[in-house]
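Reader: I would like to go through this model term by term and ask, for each label, what justifies it.

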Amino acid sequence: MDSVLKSIRANFVPIHREGYPFIAILAFVTLFLGWLWGPLFWLGLILTAWCVYFFRDPPRVTPIDPDLVISPADGRVSAVGPVVPPPELELGTAPRVRISVFMNVFNCHVNRAPVAGRVHRIAYKPGKFLNAELDKASEDNERNGLVIDSAHGQLGVVQIAGLVARRIVCFTREGQPLAAGERFGLIRFGSRLDVYLPEGAVPLVAEGQTAIAGETVLARFGTASSGAASGVRID
């Protein structure tokens with residue numbers, strides 16, 4: 001019986017704990033609507049099922065290679081090109097290659113570390129809620145940025161709220177080590193992730209490509225470098 005139960009559980013995608021309150025509220029509203037009028041129950045049931053789907057947190061298999069930069073989000077690659085990083089990241093004023101991944105309301109919204117390293121800085125900035133696909137969303141929208149000290153230098157990854165998203169969640173803290181592909185945050189309900197690459201990283205994706213958080217390779221460093229050589233130690 002235990003093996004049968006384990007097999008059944010293995011076929012269900014885990015739900016992130018951040019979604020439990022929303023799922024519970026929608027389930028209660030569904031029952032209430034059904035009590036008022038039967039057809040409304042089915043509408044509520046569809047919304048509840050969508051909420052469960054939105055907060056899914058499937059396991060991912062991350063490539064084991066310190067020279068790779070992995071996608072921090074599920075979604076569509078919406079931009080690849082040189083851009084000056086947001087000032088709050090303190091990554092300088094020189095343009096860096098930025099790779100943007102846009103998440104719609106049907107993508108998994110759990111965010112994962114693009115490289116292994118230590119969180120050097122976390123910088124939150126309030127702002128607007130423009131369409132996250134717009135380029136100016138990187139400057140105007142509410143966002144939360146992480147700077148990660150990696151073996152290849154400092155990498156910036158920014159969670160950007162969107163037109164529907166009203167809540168950015170960050171699970172990590174400054175000084176905390178992260179493994180490549182490790183969960184570090186989540187955004188509700190539709191948004192974008194920007195990755196600012198260190199010098200030497202070569203993009204391997206194109207605009208319009210679909211990315212999978214924790215698995216899709218966004219870029220590769222042309223020359224391997226050790227933590228000692230770059231002055232960064234990763235425990």
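The exchange below takes up the labels one at a time, for a model that is predicted.

Reader: Let us begin with the annotated serine; what makes Ser191 count as buried?

Author: The cut-off for buried is a relative accessible area under 20%, and Ser191 has 0% relative accessibility, so Ser191 counts as buried. Ser191 is found in strand β11, which covers residues 191-196.

Reader: What does the UniProt record say about Ser191, and how firmly should it be read?

Author: The unreviewed UniProt entry carries the annotation "modified residue: Pyruvic acid (Ser)", which covers Ser191, and for "active site" the unreviewed entry lists Ser191. Such annotations may be inferred rather than shown by experiment, so both statements are reported here as coming from the record.

Reader: Why is Val61 called exposed and Gln209 partly exposed?

Author: Exposed requires a relative accessible area over 50%, and partly exposed lies between that cut-off and the 20% used for buried. Val61, at 67% relative accessibility, therefore counts as exposed, whereas Gln209, with a relative accessible area of 31%, is partly exposed. Val61 is found in the loop between α3 (38-54) and β1, while Gln209 lies in the loop between β12 and β13 (210-211).

Reader: Which residues far along the chain come together in space with Val61 and with Gln209?

Author: For Val61 the partner is Gly214, which is 153 residues away along the chain, with the C-alpha atoms separated by 6.8 Å. For Gln209 the partner is Arg76, at 133 residues in sequence and 5.7 Å in space, C-alpha to C-alpha.

Reader: What makes the backbone of Glu90 worth a remark?

Author: Most residues other than glycine have a negative phi. Glu90 is not a glycine, and yet its phi is positive, at about 55°. Glu90 has its place in the loop between β2 (75-83) and β3 (96-103), and with a relative accessible area of 53% it is exposed, because that value is over the 50% cut-off.

Reader: Turning to the sheets, how do you know that β1 and β14 pair?

Author: Two strands pair if at least two bridges are found between them; β1 and strand β14 (residues 217-221) have three bridges and run in the antiparallel sense, so they pair. Within this pairing, Ile70 stands opposite Val217 in β14.

Reader: Why are β1 and β12 said to stand at the edges of their sheet?

Author: This open sheet has three strands in the order β1-β14-β12, with antiparallel pairing. β1 (68-70) and β12 (201-203) each have a single partner strand, so one side of each is left without a neighbour in the sheet. From one strand to the next the twist averages 30°.

Reader: What is the strand order in the sheet that contains β4, and which strands are its edges?

Author: That open sheet of three strands has the order β4-β10-β8, again with antiparallel pairing. Its edge strands are β4 (110-112) and β8 (167-170), each of which pairs on one side only. The twist there averages 20° from one strand to the next. β4 is joined to strand β10 (residues 183-188) over three bridges in the antiparallel sense, and Arg112 stands opposite Arg183 in β10.

Reader: How do you know that β5 pairs with both β9 and β6?

Author: The requirement is at least two bridges. Strand β5 (residues 117-125) and strand β9 (residues 177-178) have two bridges and are antiparallel, and the bridge partner of Gly117 in β9 is Leu178. Seven bridges join β5 to strand β6 (residues 143-150), also antiparallel, and there Arg121 has Val147 as its bridge partner. Both counts satisfy the requirement, so both are pairings.

Reader: What makes up the lining of the largest pocket?

Author: The largest pocket holds about 190 Å³ of space and is lined by 13 residues, of which Asp65, Pro66, Val115, Ala116 and Ala180 lie nearest its centre. By class, the lining has 10 nonpolar, two polar and one charged residues.

Reader: Finally, where does the record place the "transmembrane region", and what is the chain like there?

Author: UniProt, in an unreviewed entry, places that feature at residues 20-53. Over residues 20-53 the chain is 97% helix and 0% strand, with the end C-alpha atoms 12 Å apart.

Key: Residues numbered from 1 in each chain as written. Predicted model: local features only at pLDDT ≥ 70, side-chain atom pairs only at ≥ 80, totals over all residues. Heavy atoms only, no water. Helix = DSSP H or I, 4+ residues; strand = E, 2+ residues; numbered from the N terminus. Axes fitted to C-alpha atoms, helices over the stretch in contact; angles between N-to-C directions. Buried < 20%, exposed > 50% of the residue type's maximum accessible area, 1.4 Å probe, protein only. 1 Å grid on protein atoms, 1.4 Å probe; cavity = no way out; pocket = protein on both sides within 12 Å on 5 of 7 lines; lining within 4 Å. Points joined across faces, edges and corners; volume = space filled by probe spheres on them. Nonpolar A, V, L, I, M, F, W, Y, C, P; charged D, E, K, R; others polar.
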